[in-house]
Amino acid sequence: KEKNHPLYKPYSNGEVAVNKDLDSAPEFEMSDIFYFARRGVESIMDDEVTKRFSAEELESWNLLTRSNYNFHYISLRLTVLWGLGLLIRYGFLLPLRVTLAFTGVGLLVFLTSVIGLLPNGKMKNFLSQKVHLMCYRICVRALTAIITYHDSENKPKNGGICVANHTSPIDVIILASDGCYAMVGQIHGGLMGVIQRSMVKACPHIWFERSEVKDRHLVAKRLSDHVEDKSKLPILIFPEGTCINNTSVMMFKKGSFEIGATVYPVAIKYDPRFGDAFWNSSKFGMVNYLLRMMSSWAIVCSVWYLPPMSREEGEDAVQFANRVKAAIARQGGLVDLLWDGGLKRGKVKDTFKEEQQKLYSKMLCNGGGGQLL
């Protein structure tokens, strides 16, 4: 700079100066690191990925929990309101909701087991659909869920695949209370296993053994065989593979988009002011989470049925999945992210790191090519 060297270029808009003289030797200056240091600090202060795995912060207190545990007293009036709310939620609403939940699950197990004894036919399918709808709607009442369904003319039809953004296990109940679906999932033990075995007797759900889940070809074949039969219910899938806090939509796994069936996108948006539906599985177990849901004021959400989408000519499964994801994010007012939801528990893949390294190296290379300065 002191000698007015031709390699020196002033920085503009916080970007890294680039050496345009191919015949000159590269010159490093200490100020070259400022851009990368700033980007690193920004990523730490406002990480757009990991904050999607914790509950959304509210602008005001909704009288459910203390937003600041270090300050327990705000005013006498607010404390009295909080105490009355606590008494109503745990003394009246919670016992009533737990009773409704046990009633709904008990009826589902008993009635589907009885219907499973009937021969296959239209009567069995009719009774199965009515029983599933009735039991799921009882379970919805157990959560005091206030649901607004939009564009019901686009509801999934037989032989299709319904894909939706995933916030909570109750997403299944929210959607199944307005229509019947064939569920896809891993076989569990305990109470969940009892429910799964009884449900599959009355309806052709798709359950996988733990050893079969990682076999992509087997999973794809069973899904393909299901959608080819137009008499079977549409499959309900959450392609993110994990629960996100309902502020964004993360990467969709491509498996369900490789089959070639018609996809029916569904956008689900919860209102956290009355009760946060997000399940942070690393912090709360299933029973604890359900009790928190039943002790909240209500579960308020909106569901949008989007027009059916099909894979276009020359479009691969990843592009199709991204197009569907973008439509869901746009309708639900969610942020469309390309990151994998698997980062919730796993480490960042080397391929993601390499992509960022390539972007930085292009800034330091001559015209996007050549050697790194």
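Serine 168, S168, is found in the loop between β2 and α4, the latter covering residues 171-176. The model under discussion is a predicted one, and every value that follows is computed from it. Is S168 buried or exposed? Its relative accessibility is 0%, and it therefore counts as buried, the cut-off being under 20%. The side chain of S168 has two polar partners to mention. A polar atom of that side chain lies 3.0 Å from the backbone nitrogen of I170. The side chain of S168 also reaches the backbone oxygen of A277, at 3.3 Å. Leaving aside residues up to four places away in sequence, S168 touches C243, A277, W279 and Y289.

From this loop I step back to strand β2, which comprises residues 161-164. Which way do its side chains point? I161 and V163 point one way, C162 and A164 point the other way, and all of them are buried. Strand β2 has a parallel partner in strand β5, residues 235-237, with three bridges joining the two. Within that pairing, C162 has L236 of β5 as its bridge partner. Strand β2 also pairs with strand β7, residues 263-271, again in the parallel sense, over four bridges. Here V163 is matched with P265 of β7.

Strand β7 leads on to strand β8. These two strands run antiparallel and are joined by six bridges. One of the residues involved is D271, whose bridge partner in β8 is V300. D271 has its place in strand β7, and at 17% relative accessibility it counts as buried, because the cut-off is under 20%. The side chain of D271 is joined to the side chain of R273 by a polar contact of 2.7 Å.

Strand β8 itself deserves a moment. How many of its seven residues are buried? Six of them are, so β8 is largely enclosed by the rest of the structure. Besides β7, strand β8 is joined to strand β1, residues 145-150, by six bridges, and β1 and β8 run parallel. In that pairing, the bridge partner of Y149 is V303 of β8.

I turn now to helix α8, residues 317-332. What packs against its buried residues? The elements are β2, β6 (248-249), β7, β8 (299-305) and β9 (335-336). The buried residues of α8 are A317, F320, A321, V324, K325, A327, I328, A329 and G332. A general point helps in reading such a list: an α-helix has 3.6 residues a turn, so residues three or four places apart point the same way.

The two ends of α8 may be described in turn. At the N-terminal end, D316 acts as a cap, with a side-chain oxygen 3.3 Å from the backbone nitrogen of V318. After the helix comes G333, whose phi is positive, near 70°. As for the length of α8, its 16 residues should span 22 Å at 1.5 Å a residue, and the end C-alpha atoms are 23 Å apart, which agrees.

Next I come to a pair of helices. In general, two packed helices are described by the angle between their axes and the distance between the axes. Helix α3, residues 122-142, packs against helix α5, residues 190-202, at an angle of about 145°, and the axes are 9 Å apart. On the α3 side the contact is made by K124, S128, H132 and Y136, and on the α5 side by M199, K201 and A202. By class, the contact of α3 with α5 has three nonpolar, two polar and two charged residues.

One further residue is V219, which lies in helix α6, residues 216-228. Its relative accessibility is 18%, and V219 therefore counts as buried, the cut-off again being under 20%. V219 and F208 are eleven residues apart in sequence, and their C-alpha atoms are 8.1 Å apart in space.

I close with the protein chain as a whole. Its secondary structure comes to nine helices and nine strands. The chain has 373 residues, of which 40% count as buried. Finally, what share of the contacts with a separation of 6 or more is accounted for by residues 24 or more positions apart? In this protein chain, that share is 73%.

Definitions and conventions: Residues numbered from 1 in each chain as written. Predicted model: local features only at pLDDT ≥ 70, side-chain atom pairs only at ≥ 80, totals over all residues. Heavy atoms only, no water. Buried < 20%, exposed > 50% of the residue type's maximum accessible area, 1.4 Å probe, protein only. Pairing = 2+ DSSP bridges. Expected span 1.5 Å × (residues − 1). Contact = heavy atoms within 4.5 Å. Polar contact = N/O pair within 3.5 Å; in protein donor to acceptor, adjacent residues only side chain to side chain. Axes fitted to C-alpha atoms, helices over the stretch in contact; angles between N-to-C directions. Nonpolar A, V, L, I, M, F, W, Y, C, P; charged D, E, K, R; others polar.
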